[in-house]
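Student: I should like to work through a protein model with you, one question at a time. May we begin once it is displayed?

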Amino acid sequence: MEIIIVGAGIGGLSCALSLAIEGHTITILESSPALAEVGAGVQLTPNSTRSFWKWGLGPDILSHAVLPSSFNIRRDTDDLLLRSVSFKEFENRYGAPYIVIHRADIHRILFEHGVKAGVRLRLGCKVVEYDFEGGGLMLESGERLSADLVVGVDGIKSFARGTFLGDYRGKWEEKTGWAAYRLMAPVEALESNPLTDFLSRDYNCNCWIGDDRLVMTYLVKNAQMLNIVLGHPDNVDTSGWTTEQYQAEIGKTFQGSSLSLQALLSITNPEVQNWPIYQVRSLPRWVAKSGKFVLMGDAAHAMAFYLSMGVSMAVEDAETLTGCISMMQKRNGSLGHAMGVFEKVRKRRVEAVRDASLHAGNVLQLKRGPEQEARDGALRSDGVEEGASQTDEFYVKKMSYGIADQEIRDWSYGYNVLKQVEAEW
């Protein structure tokens, strides 16, 4: 099949590579004049690395990634360890490791492998018009293109989604009520302070949780930089802020935190970004009636980062789309049916993960009280509740936190894409 993919982010490149490996002719259209991925570190869960390994990316990813040995959850006022989840058995249990990497590295690796697989990338190609039922589009230059299938993977502020569904600004995007400051600290600065030195030697993911706040850290860039995420309520407009204003606000937000956290926040690089956390509401449909157009990735289901599943959901989309097309070709099915299966399988999955992700953020940042005490008890027990059995939507009902709950881990990381496609077909 000839397939046009609109958007060259991690989701678009994953989709392109997966389809190209299966022999499809792939063209990616990217509106930016240069290929670049903004952001900092990203955690890749086993349900995404399993696909990356299948596509042959493993050695390149491992040469730039850090493999943490555990995920540690601490109380932010005194560093008390509430739970440590070992990653030792993850590869055996889920078929691939849990890793951390800089977003730019995984983006570049996907691009390089896509080129090797025959993917054609066209930069500076802004789409201004779609023919959703006919599988066509028009570029800002006036050039018209068509394909057997057009895939819209153009991010949370998707033009494709807006045109397809009638999207006035903010109709499908919604604030979660949370935001995050993102910043970095060089390893040499960590090593110079006895209160932070352990973070320079510690290849673990560390998460400190408190009242309406959290701190998440892990090493990236070949363990030369510490990626830092500071969660907080989305109640301040930081537009145009100076470094001094950011530092003052961060100091106020994390007042009363432990000595090690205070030391860490004092030695970070001056560059700070504040990211309000949005998610995409449940969309009425992802697929054109003809099956010649489909939405996926953040355009269809952007979500909060608290389960580290945003990239993984885009990768699952890519695997599912490839699986649906392969099934269509093997069984002489129609494109409309194949894309209908894709939509059913993916909407069910991503809407559940989206809700679970926001629930996880709410649980992590609970204020002091009975619910926080219940959460801490669940953390200590791996989420196991004596005499309890799995219930519908358990992932938004339990007081335990995702990665620290065996039931939620298995649900998140053990998902079998092709099995779901076959069951729905």
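Student: Which residues of helix α2 (residues 46-54) are buried?

Tutor: This is a predicted model, in which local features need pLDDT of at least 70 and side-chain atom pairs count only at pLDDT 80 or more, while totals for chains, interfaces and linings use all residues. Residues are numbered from 1 along each chain as its sequence is written, and side-chain values use heavy atoms, with hydrogens and water left out. Helices (H or I, at least four residues) and strands (E, at least two) are DSSP runs numbered from the N terminus, and buried means under 20% relative accessible area, exposed over 50% and partly exposed in between, with a 1.4 Å probe and protein chains only. By that criterion, the buried residues of α2 are P46, N47, S48, T49, S51 and F52.

Student: With which residue does K54 form a salt bridge, and is that partner buried or exposed?

Tutor: A salt bridge requires a side-chain nitrogen of Lys or Arg within 4 Å of a carboxyl oxygen of Asp or Glu. K54 and E319 have their closest N and O atoms 3.0 Å apart; K54 lies in helix α2 and E319 in helix α12, 265 residues apart. K54 is exposed, with a relative accessible area of 53%. The partner is E319, which at 9% relative accessible area is buried.

Student: What is the order of the strands in the open sheet of seven strands?

Tutor: Two strands are taken to pair if DSSP finds at least two bridges between them. The pairing in this sheet is mixed, and the edge strands, each pairing on one side only, are β5 (81-86) and β16 (273-280). From one strand to the next the twist averages 20°, where axes are lines fitted to C-alpha atoms, for helices over the stretch in contact, and angles between N-to-C directions run from 0 to 180 degrees. The order is β5-β4-β13-β14-β15-β12-β16.

Student: Which residue of β13 stands opposite R74?

Tutor: Strand β4 (residues 70-75) and strand β13 (residues 205-210) run parallel and are joined by five bridges. In this pairing, the residue of β13 opposite R74 is W208.

Student: Which helix packs on the sheet by touching β12, β14, β15 and β16?

Tutor: Contact here means heavy atoms within 4.5 Å. The helix touches β12 (173-186), β14 (213-220), β15 (225-233) and β16, and its direction makes about 105° with that of β12. It spans residues 243-253 and is helix α9.

Student: What is the relative accessibility of T217?

Tutor: T217 belongs to strand β14. Leaving aside neighbours within four places in sequence, its contacts are L199, N204, C205, N206, W208, L226, N227, I228 and L264. T217 counts as buried because its relative accessibility is 0%.

Student: Which residue forms a salt bridge with D76?

Tutor: D76 lies in the loop between β4 and β5, and its partner in strand β14, 137 residues apart. D76 is buried at 3% relative accessibility, and the partner is likewise buried, with a relative accessible area of 8%. The closest N and O atoms are 2.5 Å apart, and the partner is R213.

Student: What is the phi of A223, a residue that is not a glycine?

Tutor: A223 lies in the loop between β14 and β15. The residue is buried, with a relative accessible area of 6%. Its phi is positive, at about 65°.

Student: How are the rings of F90 and Y94 arranged?

Tutor: Rings of Phe, Tyr and Trp (its six-membered ring) pair if their centres lie within 6.5 Å; planes under 30 degrees apart count as stacked, over 60 as edge-to-face and the rest as tilted. F90 and Y94 both lie in helix α4 (residues 90-94), four residues apart, about one turn of the helix, and both are buried. With 5.4 Å centre to centre and 80° between the planes, the arrangement is edge-to-face.

Student: Over the face of which ring does R349 lie?

Tutor: A charge sits over a ring if NZ of Lys or CZ of Arg is within 6 Å of the ring centre and within 35 degrees of the ring normal. K157 lies over the face of Y278, at 5.8 Å from the ring centre. For R349 the distance to the ring centre is 3.9 Å, and the ring is that of Y415.
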